[in-house]
Every structure is written in structure tokens, then in C-alpha cells.
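This report covers how helices pack in one protein model and what lines its internal spaces. The model is predicted.

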Amino acid sequence: MVRKGVWIIVLVVLFIGCKAKKRVAYGDRQKDKGKESVKIKKTQKEDDGLYPLPEDTGKFVRFEISSISEYIRTFSEIAQFEMKAYGIPASITLAQGLLESGFGRGELAKKTNNHFGIKCHTGWKGDYDFHDDDERGECFRKYNHPMYSYRDHSIFLANRSRYAFLFDLPPNDYKRWAKGLRQAGYATDKRYPQKLIQLIEQHRLHRFDRPIVRQRNRQREVVALPERNIYIVKKGDTLYSISRRYLVSVDELKQWNGITNNTISIGQELSIKSTQINK
């Protein structure tokens, strides 16, 4: 009887263990002092053809930064990767990260890994939290890893038409980039450009732009194309990525094809009136 009882207990334990393993944690909402914080289900980052981001384990990873110089050492290479992929000067990315996050020690950066002060905006489907900014309790994007914040910053600028003119500037012209960000409405602070420029020059952040510019100049191969070329949109294409390929502006692409917004679809034929291509 004792042996039979032991086997029954073992079977019950195994059954409960199996049931526990089958549980799935979905997004739950918790309220803390009247403000809502959201946890989302673990997701796997898709391979977007760019440098690999760390796997999203569902855990919140925060870097402990003690100084501006440590922030620059930690994120300068990431800013250069983003410059290679999207064309935003690494100096601008680093300066914005320093300013918006309080070199990683600001309240918003610590609780959300949001290093660029990007608010939720319509269509944001990721995690978020609330923070007092221009108004009380505004919604800000939240990331499980700071590198996701850097990638989202690049996508945010590259995919919004109001910033499109910036990508026609020389990639190392940080002064015009700084002024253009304020002009496009990135920040309400009238001294925003001066603050970015001061950070860049004080900490020599422009030194991170130069190797990328030199590398792009070496890799650029200009070849002749027919006077009129048809490009078929593929998965992952954006108006910006196509404009960089053919060395034209986004506005030119839209004008040639009668496009009034930034939306294109897979299989769509675009007319390219260019005699150059950037391989």
C-alpha cells in the first residue's frame, strides 16, 4: 500500500508540472500610483537584413552608466551601425541620446530604455509607460534593451516625411541636421540645435561620422543607367532606401510617380529618372 501511495503522489506531481509548463504569459496591465505600466508577451525580433539586435528575452535590460564619457563609449559603435544603415550622422544620434536620456541616467531612460524621448504616437504596438513631459502622464515607448531604442530612433526619422529633407544633407553636416530636427518639430525647445551642436563639439562626436563617410565614399560605384528605369518594389523597401540606391531624393521619387504619401506596396512599379546607381 505504501508503494502504491508513493506512485500516486509521483503521478500527481508530474501532472501538475506538465500543466504549469503549458501556461503562457500574455500582456497584463498593472496600475502603480494611478499610472498604468504595461508588460507585453515575449517576442522574437525579425531578421531585417541589418546588423543583428540582441534577442528579446522579454526581460528588461538596463545599462548602468556613470558618466558622459562612458555613455559615448557604450553607444558610439551602435550609432555608427545606424549611420551605415540609415544615413543619420552618428554624431547627431549620440548627441540626441545624451541630451534626451540625461546620458542614460534620466528617469525616463531608466524605466523605459527610451533614449530619444520618442512618444507612443498613433500606431505604436509595443510596450509603453507614462512620464511627465510637456504635459502630465504622457505616453512614451518602452524597450526591453537600449539598442531597440537606437533602431527605433532611426526608423522614426527615416519613415516620416517631415524629416525626409534631412537625408538630402551631407551625412557629416551635423549643424544643419541639428537645426533641421528642430525645424521638423522633433523638439519644442528653441535652443535644441545649439544644445546638440555643443554636445557634438565639446565631446568631439563628429569623429564617429568620419570613418563611415570615408567607407561609403570608397564603396560608392557609379554606373550608367538608361534614361528611364523601372524599379519593382520588394519586401523591406522604403522610399528612402530606394532613393539612396538611385542617388535621388525622396521628393523626386514621389514626384515622378505621383505619390502623395510615403506608402508603397510590394510589386509596385516605380519610374526612376536617374542615370546613377549606388551599389
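## Helix packing and internal spaces

In this predicted model, helix α3 (residues 90-101) and helix α6 (residues 174-184) have axes that come within 9 Å and cross at roughly 50 degrees. That angle makes α3 oblique to α6. The crossing of the two helices is right-handed. On the α3 side the contact is made by Ser91, Ile92 and Gln96, and on the α6 side by Tyr174, Trp177, Ala178 and Leu181. Sorted by class, this contact has five nonpolar and two polar residues, with no charged residues.

Helix α3 also packs against helix α5 (residues 146-158), at an angle of about 115 degrees and with the axes 12 Å apart. This crossing, too, is right-handed. Here Thr93, Leu94 and Gln96 in α3 meet Tyr150, His153 and Leu157 in α5. The contact of α3 with α5 divides into three nonpolar and three polar residues, and no charged ones. Gln96 of α3 thus appears in the contact with α6 and in the contact with α5.

The other partner of α6 described here is α7 (192-202). The axes of α6 and α7 are 8 Å apart, and the helices pack at an angle of about 150 degrees. Angles over 145 degrees count as roughly antiparallel, and α6 and α7 are therefore roughly antiparallel to each other. The crossing of α6 with α7 is right-handed. From α6 the contact takes Tyr174, Lys175, Ala178, Lys179, Leu181 and Arg182, and from α7 it takes Tyr192, Pro193, Leu196, Ile197, Ile200 and Glu201. By class, the α6 contact with α7 holds eight nonpolar and four charged residues, and no polar ones. Tyr174, Ala178 and Leu181 of α6 take part in the contact with α3 and also in the contact with α7.

The three helix pairs are set out below.

| Helix pair | Angle between axes | Distance between axes |
|---|---|---|
| α3 and α6 | roughly 50 degrees | within 9 Å |
| α3 and α5 | about 115 degrees | 12 Å |
| α6 and α7 | about 150 degrees | 8 Å |

Next come the enclosed and open spaces. The structure holds one cavity of 30 Å³ or more. The largest cavity has a volume of about 50 Å³. Its lining consists of Arg62, Phe63, Ile65, Phe75, Gly104, Ala109, Asn113, His115 and Pro146. Five of these lining residues are nonpolar, three are polar and one is charged.

The second largest pocket has a volume of about 540 Å³. It is lined by 28 residues, of which Glu100, Gly117, Asp133, Tyr186 and Ala187 are the closest to its centre. Helices α3, α4 (107-112) and α7 each supply at least two residues of this lining. The lining of the second largest pocket has 11 nonpolar, eight polar and nine charged residues. Helix α3 is therefore one to follow in the display, as a helix that is oblique to α6 and that also contributes to the lining of this pocket.

How values were computed: Residues are numbered from 1 along each chain as its sequence is written. This is a predicted model: local features need pLDDT of at least 70, side-chain atom pairs count only at pLDDT 80 or more; totals for chains, interfaces and linings use all residues. Side-chain values use heavy atoms; hydrogens and water are left out. Axes are lines fitted to C-alpha atoms, for helices over the stretch in contact, and angles run from 0 to 180 degrees between N-to-C directions. Helices (H or I, at least four residues) and strands (E, at least two) are DSSP runs, numbered from the N terminus. Angles under 35 degrees count as roughly parallel, over 145 as roughly antiparallel, 65 to 115 as roughly perpendicular and the rest as oblique. A crossing is left-handed if the near helix is turned anticlockwise from the far one by less than a right angle, and right-handed if clockwise. Contact means heavy atoms within 4.5 Å. Ala, Val, Leu, Ile, Met, Phe, Trp, Tyr, Cys and Pro count as nonpolar, Asp, Glu, Lys and Arg as charged, and the others, Gly among them, as polar. On a 1 Å grid over the protein atoms alone, a cavity is a set of points where a 1.4 Å probe fits but cannot get out, and a pocket is an open set with protein on both sides within 12 Å along at least five of seven lines; lining residues have an atom within 4 Å of a point. Grid points are joined across faces, edges and corners, and a volume is the space filled by probe spheres set on the points.
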